[in-house]
Amino acid sequence: MYVCICNAVTDREIRAAHELGADTTDAIADCLGAGTGCGRCREAVSDCLATCQISSASREFEVEAA
Ligand code: FES
């Protein structure tokens with residue numbers, strides 16, 4: 001799903017960038033360009049990053065519990 005229409009950035013690309021360490025909206029803007037056009041997507045990028053962080057924390061918990 002496209003999160004940033006101006007720069008054609010998808011949630012999948014944001015998740016991949018997050019896996020590589022881009023964990024802020026500014027970092028996502030720097031590496032993917034999301035949010036650097038009209039700026040309307042910045043809240044959606046932030047929401048996507050929050051989901052990534054929850055998923056990462058959940059995976060870490062599963063590893064620790066195993
Ligand atoms: S929709 Fe992302 S900058 Fe415009």
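**Helix α1 and its surroundings**

Let's start with helix α1, where I14, A17 and H18 are buried (20 or more other C-beta atoms within 10 Å of a residue's own, against 12 or fewer for exposed and partly exposed in between, with C-beta atoms placed from the backbone). Seen down the axis of α1, these buried residues fall within an arc of 100°, so they line one face of the helix; the arc is that of the directions from the helix axis to the C-beta atoms. The face turned away from this buried side carries the exposed R12 and E19.

A word on the basis: this is a predicted model, in which local features need pLDDT of at least 70 and side-chain atom pairs count only at pLDDT 80 or more, while totals for chains, interfaces and linings use all residues. Residues are numbered from 1 along each chain as its sequence is written.

What covers the buried residues of α1? The cover includes β1 (2-4), β2 (9-10), α2 and α3 (42-65); helices (H or I, at least four residues) and strands (E, at least two) are DSSP runs numbered from the N terminus. Taking α2 in turn, E13, I14 and A17 of α1 meet I28, C31 and L32 of α2, contact being C-beta atoms, placed from the backbone, within 7 Å.

Two backbone details round off the tour. Just after α1, G21 takes a positive phi of about 115°. A8, in the loop between β1 and β2, also has a positive phi, of about 50°, although A8 is not a glycine. With 12 C-beta neighbours inside 10 Å, A8 counts as exposed.

Technical notes: Contact = placed C-beta atoms within 7 Å.
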